[in-house]
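Here is a walk through one protein chain, with a few spots worth a closer look. Have the viewer open and follow along.

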Amino acid sequence: MMVSKTKDRRGEGFAKKASESEEPFTNVVAKGVHRPSRQTQEKLQELRDQVATSSTLQQFALGSSQVAAAEERRKILQADDQKPKLSTLSEKQRLALERRKGRRDRALQSRLEKHETRRLEAAVAAAQAKEILETTQPGMIETENDMEKSYSLTQAALKRDHLDPEIARNIFDLTLTECAPYGMKYDSSGRYSVLYGEKGHVAYMDNHQRSLVKEFNVHERVRDACFLHNFTLTAVAQKNHAFIYDHNGIEIHRLSECHEPLALDFLPYHWLLVSIGRTGWLKYQDTSTGQHVASHRTHVPCRVLRQNPANAVMHVGHSNGTVSLWSPATSTYLVKMLCHKGSAITSIAIDQSGHTMVTGGADRKMRIWDLRTYKQLNKYDCVAGIPTSLDISQRGMVAVGHAGHVSVWPSETLQTRTSGPYMHQLFPRCSPIETVRFRPFEDVCGVGHAMGISSMVIPGSGEPQIDTSEYHLNPMADSKQRREAEVRALLDKLRPEMIALDPDQVAGIEASDPQTKLERLHDLQEEANAKVRPVKRVASTKRGQSKIQVKLRRKLRNVVKDNRGKLRESKKIKSAENANEDGESGAGEQAPPALKRFFG
């Protein structure tokens with residue numbers, strides 16, 4: 001009896017202790033081991049405060065949208081847990097779910113805090129490493145007072161008074177009038193550039209040595225040109241088709257699918273050559289296999305083509321003022337924006353982050369758009385003429401070529417409205433400006449115009465640090481390194497179906513099953529429709545002295561309409577009565593003459 005009494009007391013004490021605890025746990029080990037210590041919580045709060053006070057740390061901590069996507073998935077899963085499908089669960093599972101609803105999983109909370117601590121520590125370490133590794137900083141033109149303007153400084157004065165001889169060599173002019181007007185583009189490393197004249201002249205230039213690599217004439221009209229995966233291959237848009245040449249000027253291939261191309265662009269991570277033709281067909285060609293990937297009909301004439309470097313979506317500018325976004329995975333446009341109402345799109349540029357787009361139209365306006373909300377941020381007037389070419393540097397500066405002028409706006413222009421340009425240069429007797437392109441990793445801007453080629457120095461436009469993780473950006477690569485980079489690029493090649501507006505959705509995970517997702521979308525649609533306000537009916541007002549006459553005329557019209565209906569009904573009844581009487585008198589009288597002998 002004594003033993004049983006002791007057992008009862010121990011059981012009562014244990015039950016009393018469990019009832020006094022605020023949150024009961026089935027796993028006692030998890031309660032003791034996985035509880036976060038005060039030191040861990042203080043360290044996490046310290047890291048959070050440190051990241052909140054530094055924009056650089058915030059950039060590293062939220063370097064990609066994966067953190068935001070994970071947070072969104074977590075919210076979706078929590079919303080799904082609020083409305084679980086109990087019909088698919090057994091009785092035991094349903095009871096277990098009800099018991100777990102009011103409990104707090106401290107083990108999971110501890111793991112999440114540890115994961116966040118590691119992520120913030122990695123962001124702090126990356127920021128510290130960046131300070132050590134970045135030995136060079138971008139330079140800018142700084143004025144001494146508010147009355148002095150940086151755009152009043154010309155290239156001649158900059159070369160004479162402010163630049164050392166090595167950098168001053170980047171300011172030059174090439175007079176090429178025989179095959180003008182000229183355009184130019186740089187490769188991804190910024191070392192080589194291709195110059196193309198409208199009358200068939202094509203030349204390759206080494207910008208480090210400032211020497212001519214090769215030049216040749218195709219004896220045909222050239223509309224556009226661009227490098228492929230490296231400078232050894234170049235695509236040229238000629239009169240009837242697009243051709244591929246090597247760096248020695250030898251024709252490698254003719255793209256017969258590209259009929260009358262107007263603009264070309266190359267997607268380096270997908271190995272796709274994109275062209276837009278006079279007929280409005282957008283075509284994708286795989287340069288690694290030679291296969292034709294996709295063809296989309298835009299239905300509107302267009303000659304402006306630009307890629308988004310963040311997600312490889314093509315932006316096409318049309319003659320009706322719209323810009324459409326395309327992917328080879330879909331046969332229709334992803335997004336269509338009316339950017340310049342009533343005027344054609346003449347130029348497009350997208351920044352490196354892929355969040356901002358700048359458009360130029362025939363209405364002499366430059367408009368800045370947010371690609372996340374598809375809304376206009378700012379607009380500027382191009383007084384000199386139509387903005388025929390636009391480009392955005394690696395550090396966010398905007399260059400616009402209008403008439404014979406080239407204006408470079410500061411990086412703040414993409415976010416807020418600025419009072420004036422950062423730099424400005426006039427090219428007399430060179431109108432119009434054909435192309436404006438920033439040279440990667442250099443403070444240089446190349447300009448193609450009606451008199452040839454010009455090069456400008458724009459301090460602070462280029463990125464001073466080369467990203468060594470990008471193997472195709474090495475400007476000092478030799479032939480062996482280029483071959484290795486080409487093989488690696490082929491191994492890392494992305495499929496065309498992976499091009500989408502949101503590049504993170506390819507590696508994402510569905511937050512819930514398709515049925516729950518459809519139900520959530522249906523609920524959101526119903527909620528959105530419920531918020532739509534009914535359109536108020538505008539009462540029609542009648543003015544003038546003929547108001548009574550209008551009422552009498554309408555009354556008379558209704559009477560006539562009613563009488564017409566009654567008259568039709570009476571005619572139908574009368575015709576039916578006549579038909580019955582004729583049928584009773586005999587069908588022989590109504591029969592045709594050839595059939596009367598059968599009724600005799």
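## Two cis prolines and other backbone oddities

Pro-432 sits in the loop between β25 and β26 (435-438). The peptide bond that leads into it from Ser-431 is cis, with omega about 0 degrees. Keep in mind that this is a predicted model. Another cis bond runs from Ala-180 to Pro-181, with omega near 0 degrees. For Pro-181, the place to look is the loop between β1 (172-175) and β2 (182-186).

Why are these worth flagging? Because most peptide bonds are trans, and most residues other than glycine have a negative phi. That second habit is broken here too. His-219 isn't a glycine, yet its phi is positive, at about 55 degrees. Ala-403 does likewise, with a positive phi near 55 degrees. Then there's Phe-441, with a positive phi near 65 degrees, in the hairpin of β26 and β27.

| Residue | Phi | Where |
|---|---|---|
| His-219 | about 55 degrees | loop between β5 (211-217) and β6 (224-227) |
| Ala-403 | near 55 degrees | loop between β23 and β24 (405-409) |
| Phe-441 | near 65 degrees | hairpin of β26 and β27 |

Are His-219 and Ala-403 buried or exposed? His-219 counts as exposed because its relative accessibility is 71%, past the cut-off of over 50%. Ala-403 has a relative accessible area of 19%, so it is buried, the limit being under 20%.

## The chain as a whole

Stepping back, the protein chain comes to twelve helices and 28 strands. Of its 600 residues, 37% count as buried. The chain exposes about 37,400 Å², and carbon and sulfur atoms supply 52% of that. As for how the contacts are spread, take those between residues at least 6 apart in sequence: 47% of them join residues at least 24 apart.

## Two open sheets

Strands of a sheet pair through backbone hydrogen bonds, either parallel or antiparallel. One open sheet in this model has four strands in the order β14-β15-β16-β17, with antiparallel pairing. β14 (302-307) and β17 (335-338) stand at the edges with a single partner strand each, so one side of each has no neighbour in the sheet. From one strand to the next, the twist averages 20 degrees. Zoom in on β16 (residues 322-326) and you'll find four bridges joining this strand to β17, running antiparallel. Thr-322, for instance, has Leu-338 in β17 as its bridge partner.

Further along, there's another open sheet of four strands, in the order β22-β23-β24-β25, and the pairing is antiparallel here as well. Which strands stand at its edges? They are β22 (387-392) and β25 (423-426), each with a single partner strand, so one side of each is left without a neighbour in the sheet. Neighbouring strands of this sheet are turned by 15 degrees against each other on average, direction ignored. β22 and β23 (residues 398-402) run antiparallel and are joined by five bridges. Across that pairing, Ser-389 has Gly-401 in β23 as its bridge partner.

## The β26-β27 hairpin

Back to the hairpin with Phe-441: five residues lie between its strands. β26 and β27 (residues 444-449) run antiparallel, with four bridges joining them. One of the bridge pairs to look for is Phe-438 with Cys-445, the latter in β27. The side chains of β26 split two ways: Thr-435 and Arg-437 point one way, Val-436 and Phe-438 the other, and all are buried.

## A buried leucine and a nonpolar patch

In helix α3 (residues 38-52) you'll find Leu-44. This leucine has a relative accessible area of 4%, so it is buried. What is Leu-44 in contact with, leaving aside its neighbours within four places in sequence? The partners are Glu-113, Glu-116, Thr-117 and Leu-120. Leu-44 and Glu-113 are 69 residues apart along the chain, yet their C-alpha atoms are separated by 7.6 Å.

On the surface, Tyr-269, Leu-494 and Met-498 make a nonpolar patch of about 240 Å². Tyr-269 belongs to the loop between β10 (261-267) and β11 (272-277). It counts as partly exposed because its relative accessibility is 37%.

Notes: Residues are numbered from 1 along each chain as its sequence is written. This is a predicted model: local features need pLDDT of at least 70, side-chain atom pairs count only at pLDDT 80 or more; totals for chains, interfaces and linings use all residues. Side-chain values use heavy atoms; hydrogens and water are left out. Patches are made of residues with over 30% relative accessible area and no salt bridge: like charges are joined within 9 Å, nonpolar side chains (Val, Leu, Ile, Met, Phe, Trp, Tyr) within 5 Å. Accessible areas come from the Shrake-Rupley method with a 1.4 Å probe; for residues, only the protein chains shown count as cover. A salt bridge is a side-chain nitrogen of Lys or Arg within 4 Å of a carboxyl oxygen of Asp or Glu. Buried means under 20% relative accessible area, exposed over 50%, partly exposed in between (1.4 Å probe, protein chains only). Two strands pair if DSSP finds at least two bridges between them. Axes are lines fitted to C-alpha atoms, for helices over the stretch in contact, and angles run from 0 to 180 degrees between N-to-C directions. Contact means heavy atoms within 4.5 Å.
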